[in-house]
Amino acid sequence: MDRPLRRRLETRFANELTGPVRQRHDATEIRIGPAALTSVMATLHDEPDLDFALLADLAGVDTGDHMQVVYHLWSAKTPDWLRVIAEPLPRDDPRIPTLTGLWPGAEWMEREAYDMFGIVFEGNRDLRRIYMPPDYTSFPLRKDFFLPDDAARSPGGGVRHVERPEAPPAVAAGSLRRTPGA
Amino acid sequence: MVTETPIGKIRSDDDPRVLLDEQIGSFEPVPPYPPRTERESEFYTLGDGEMFLNMGPQHPSTHGVLRVVLKISGENVVDLDPVLGYLHRGVEKLCENSDYHHIISQVDPLEYVSSLFCEWSPVMAFEKLLDVEVPRRAEYIRVLTGELLRVASHALFQGWMALDLGGLTPILYSFIERDEIVEMLASITGQRMLFNYFRIGGVNGDVNHEFMSRLGDWMSRAAKQHETSIGLLNENEIFVRRMRDIGRLDRDLALRMAVTGPNLRAAGVPYDLRRAHPYSVYPELEFDIPVRGTGPEGGDALDRYLLRLEEVKQSLRIIDQCLHNMPDGPVMAKLPRLLRPRPGRAWAAIEGPRGLYGTYAISDGTDQPFRMKIHDPSFVHLQLVVQLMRGNLIADTMAVMASLDPIMGGVDK
């Protein structure tokens with residue numbers, strides 16, 4: 001745990017942080033709103049005493065209540081990983097600015113999060129589905145997408161190239177698995 | 001109920017709701033729908049004297065099932081569009097519906113060439129969630145088996161690299177080396193490919209006599225064997241001239257494209273997680289981090305190839321130290337059969353033969369992770385092909401792709 005990094009982040013992003021800076025094991029975690037993402041990331045990347053040069057990972061998360069986009073950054077200036085959680089994105093229309101201006105390599109990671117969760121990264125020039133077929137209509141990693149109990153009998157089962165033309169049925173809000181604290 | 005069948009589709013006999021492709025195996029380079037993004041409309045608009053060429057998904061040198069649409073002008077590649085998803089298995093969704101022990105076998109086939117590294121980062125992430133201390137002997141065994149597999153993976157890379165350039169001999173030598181190592185690992189894991197060996201809190205079983213005798217036998221000639229395989233290619237003028245000055249990657253582009261692993265080190269950045277963010281027992285071991293392409297123009301495909309050969313020598317050093325320093329003791333921490341970590345989040349990343357393998361796991365207090373994101377380096381490196389190939393020859397496409405060493409099982413998850 002890098003205590004000085006925590007103080008630096010708290011003073012530098014006093015206005016942007018939406019929750020306390022948390023530290024556990026070798027990760028420091030900050031939470032910001034989606035609107036502040038571009039400026040916070042640019043500061044983290046450009047400022048010499050932060051210098052987070054490498055985007056290690058980009059993950060979409062559906063907590064059951066809202067969507068998150070979680071970024072993991074690495075810097076030579078600190079022994080910690082930095083986890084930036086951008087939330088909340090509404091589940092019915094998740095939108096967040098793209099990071100491809102800062103890291104062009106985020107393009108495919110954003111495409112993956114779009115494909116799996118339907119999160120729209122505004123400004124990404126190539127926001128197409130990346131794994132699923134182009135005429136697929138659902139977002140598989142959302143919590144309202146259930147795995148069929150028996151793959152052999154389900155319409156989506158089998159090894160051939162298959163697709164479900166209709167959108168999945170709406171799910172009652174109470175039946176979702178959720179972690180409000182995530 | 002939908003009654004009309006779209007053009008190009010037929011209805012399944014088993015379930016009329018399911019639409020199947022009428023002609024499986026035929027690929028039109030241009031998609032049958034209007035472009036959806038800026039990039040897609042730019043790519044699928046032909047300029048003067050340009051044409052599309054469809055490569056894959058069953059092209060022999062794509063290291064898996066990858067389809068690439070090339071936009072070419074004469075012999076030059078103007079632009080390219082990789083189409084993924086032919087190997088997509090939804091591993092992350094399966095992991096969310098499996099318990100923590102079961103996940104290790106789910107992530108194994110992600111990268112079938114070096115599957116221990118796919119197990120390592122989830123296992124580390126779960127250990128952080130559970131606050132488990134791994135016994136030191138288990139950590140040494142993990143490093144030992146991991147470095148052995150890194151040697152096997154780099155040996156196979158060397159053979160593939162030559163195969164993609166039209167040389168058949170090196171892959172035969174590569175497989176001799178790889179076969180010795182996987183047989184060795186099979187004696188402790190019982191498997192030749194998908195080892196399923198790491199466990200949360202340790203490893204599944206201690207090293208045995210057969211493994212040690214095979215390893216000692218191999219170590220006595222590994223360095224010499226490595227020199228032989230270096231001699232096969234490094235002095236081959238055709239190979240070297242084909243590889244030089246193609247796919248140049250400089251420091252700035254590499255960092256902005258989120259490249260990690262040997263590809264980043266061959267672009268002049270001395271970034272190795274084993275030193276930059278130490279985990280396991282790597283701080284106790286002596287080894288160097290080879291770096292190439294430190295000049296302003298960065299490293300080319302040849303640099304990426306040579307760097308991996310140098311890494312093999314360092315791995316042999318680590319294996320030797322592991323054998324000498326390995327302590328006695330248990331190989332598993334004491335843990336209950338059913339794991340229910342407290343709600344929380346954990347990220348763990350390791351340095352594999354291709355780069356950063358990471359896992360972000362969220363626990364909600366049940367015996368299954370709420371969300372598990374797997375980061376695979378091949379996925380990130382493959383999008384680099386688009387940047388590196390513009391303006392190069394078609395024949396060099398496969399050479400550049402092979403020099404980045406992507407494995408499609410990891411790309412498609």
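Okay, so helix α3 of chain B, residues 100-107, lies across β9 and β10 of chain B, and it runs at about 25° to β10(B). Keep in mind that this is a predicted model. Helix α4 of chain B, residues 115-130, packs on the sheet too, touching β8, β9 and β10 of chain B. The direction of α4(B) makes about 145° with that of β8(B).

Now, the sheet itself. What order do the strands come in? In chain B you go β8-β9-β10, 3 strands in an open sheet with antiparallel pairing. β8 (344-351) and β10 (369-375) of chain B each have a single partner strand, so they stand at the edges, and one side of each is left without a neighbour in the sheet. From one strand to the next, the twist averages 10°. Zooming in on β9(B), residues 356-363, you'll find 6 bridges joining this strand to β10(B), antiparallel again. If you want a spot to click on, try Gly358(B), which stands opposite His375(B) in β10(B).

Right, on to the nonpolar cores. The largest one has 170 residues, and the members touching the most others are Met41(A), Leu44(A), Tyr71(A), Leu84(B), Trp218(B) and Tyr305(B). Which helix gives the most to this core? That's α5 of chain B, residues 136-164, with 12 residues.

Let's look at Met41(A) for a second. Ignoring neighbours within four places in sequence, Met41(A) is in contact with Tyr71(A), Leu73(A), Val84(A), Leu99(A), Leu102(A) and Trp103(A). And then, apart from the largest core, there's another one of 5 residues, including Leu156(B), Trp160(B), Ile171(B) and Ile407(B).

Conventions
Residues numbered from 1 in each chain as written. Chains lettered and ligands numbered in written order. Predicted model: local features only at pLDDT ≥ 70, side-chain atom pairs only at ≥ 80, totals over all residues. Heavy atoms only, no water. Pairing = 2+ DSSP bridges. Helix = DSSP H or I, 4+ residues; strand = E, 2+ residues; numbered from the N terminus. Axes fitted to C-alpha atoms, helices over the stretch in contact; angles between N-to-C directions. Contact = heavy atoms within 4.5 Å. Core = buried A, V, L, I, M, F, W, Y, C linked by side-chain atoms within 4.5 Å. Buried < 20%, exposed > 50% of the residue type's maximum accessible area, 1.4 Å probe, protein only.
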